[in-house]
Amino acid sequence: MDKPSVGIGILGCGKVAAVHAEAIKHVPDLKLVAVCSRSATSARKLAERFQVPWHTDIKQFLAVPSLQAADICTPSGTHSALGCAAAKCGKHVLVEKPIDVSLAAADSLIEACERAGVRLGVSLQSRFLDAPRILKAAVDTGRFGTPVAASAYIKWYRTPDYYRSAPWRGTISLDGGGALINQAIHTVDLLRWIMGPVEALNAFSARRVHSQIEGEDTMVTALRFRSGALGVIEAGTSIYPGFKRRLEISGTEGTAILDGDNITAWALRDGSPNPAPPSREIADGSADPMAIDFEGHRRIMDDFASAIREGRKPLVDGHEGRQSLELVLNAYESARTSGSLRT
């Protein structure tokens, strides 16, 4: 007899919550059983769309009998506190990216989930898309030879209204910063996941367009990976009109380029053809934050449900989510403290 679906509830009913709810609807092993927000209007709107009960009190939400897991879609700086509350009630926890905005908060959440014996996942869903996984496998099996260079470019655009519509965006306390930690973190995570640890970096940040926010809207970071390869991260919400994210990987045996979610260049000395010919482009939100496809979220939700069923860690667990946060925070620290060489 088939086991019943895992009951999951969404905590936080902002715009990204609808993407999560749509993804949950397409995962047979998950069932959306409740939503919760401090805003009754937001909670009711999402609940009516997906036909589930809604709450404005987190204690009532966590007490829903059929609730086995909490999907946290609140501002980044609240993820740990809310996740810890859910874990203490014995609920599995999935948090939107980033895991939180400080390593101390991330560690608290990881420890709380481990202590409670519940699963913890982080929505870094780009790892589940086909093209990034092909690149990861090619690097891991040495097809690019000795790593030479690897860089990420996230030249996106956000309007002033984007920041005005949700005052937590671009703040240090709730967003953790600006373009790097929010918009760029998926691609930063891919870069670190595919290429391995970064052992040194130097960063510069600025507000070139959105002077009203606390964080940066433009940032450049130079990297040296532990492998010896060098690289760059360029991140912005200041680059009009906004372009697809780009990941470039080069080794002694060739180069590959990921544009958006398609491998658009595959040039290896062995003459092998592109292993992932361009397919339907998954909307990435480069110019419109809500122009995103739910397929990546569906895949991470599917893995999260399987992890609960199988009693294993999700493929992107709290420790994995912490690694991408650490790279971002190290870049911020460099931007705050490094001097510039004037010539």
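**View A. Helix 4 and helix 5 run roughly parallel to each other.** In this predicted model, the two helices count as roughly parallel because their axes cross at roughly 10°, and angles under 35 degrees are placed in that class. Helix 4 spans residues 79-88 and helix 5 spans residues 103-116, and their axes come within 9 Å. From helix 4, the residues His79, Ser80, Gly83, Cys84 and Ala87 take part in the contact, where they meet Ala105, Ser108, Leu109, Ala112, Cys113 and Ala116 of helix 5. Sorted by character, the residues of this contact comprise 7 nonpolar and 4 polar ones, with no charged residue among them.

**View B. An open sheet is formed by 6 strands with parallel pairing.** The strands follow the order 3-2-1-4-5-6, and the edges are taken by strand 3 (54-55) and strand 6 (120-123), each of which has a single partner strand, so that one side of each is left without a neighbour in the sheet. Strand 4 (residues 69-72) pairs with strand 5 (residues 92-96) in the parallel sense over 4 bridges, and within this pairing Asp71 has Leu94 of strand 5 as its bridge partner.

**View C. Helix 1 and helix 4 both lie against strands of the sheet.** Helix 1 (residues 15-25) lies across strand 1 (6-11), strand 2 (30-36), strand 4, strand 5 and strand 6, and runs at about 170° to strand 1. Helix 4, which packs on the sheet, touches strand 1, strand 4 and strand 5, and its direction makes about 165° with that of strand 5.

**View D. Helix 2 has buried residues and, on its other side, exposed ones.** Within helix 2 (residues 40-50), the residues Ala43, Leu46, Ala47 and Phe50 are buried. These residues cover an arc of only 100° around the axis, which means that they sit on the same side of helix 2. Helix 1, strand 2 and strand 3 are included in what covers the buried residues of helix 2, whereas Thr41, Lys45, Glu48 and Arg49 are exposed on the other side of the helix. Just after helix 2, Gln51 takes a positive phi of about 55°.

**View E. His297 is a buried residue of helix 9.** Helix 9 covers residues 295-310 and includes the place of His297, which counts as buried because its relative accessibility is 3%. When neighbours within four places in sequence are left aside, His297 is in contact with Val19, His20, Ala23, Glu96 and Gln125.

Terms used: Residues numbered from 1 in each chain as written. Predicted model: local features only at pLDDT ≥ 70, side-chain atom pairs only at ≥ 80, totals over all residues. Heavy atoms only, no water. Buried < 20%, exposed > 50% of the residue type's maximum accessible area, 1.4 Å probe, protein only. Contact = heavy atoms within 4.5 Å. Axes fitted to C-alpha atoms, helices over the stretch in contact; angles between N-to-C directions. Parallel < 35°, antiparallel > 145°, perpendicular 65-115°, else oblique. Nonpolar A, V, L, I, M, F, W, Y, C, P; charged D, E, K, R; others polar. Pairing = 2+ DSSP bridges. Arc of directions from axis to C-beta.
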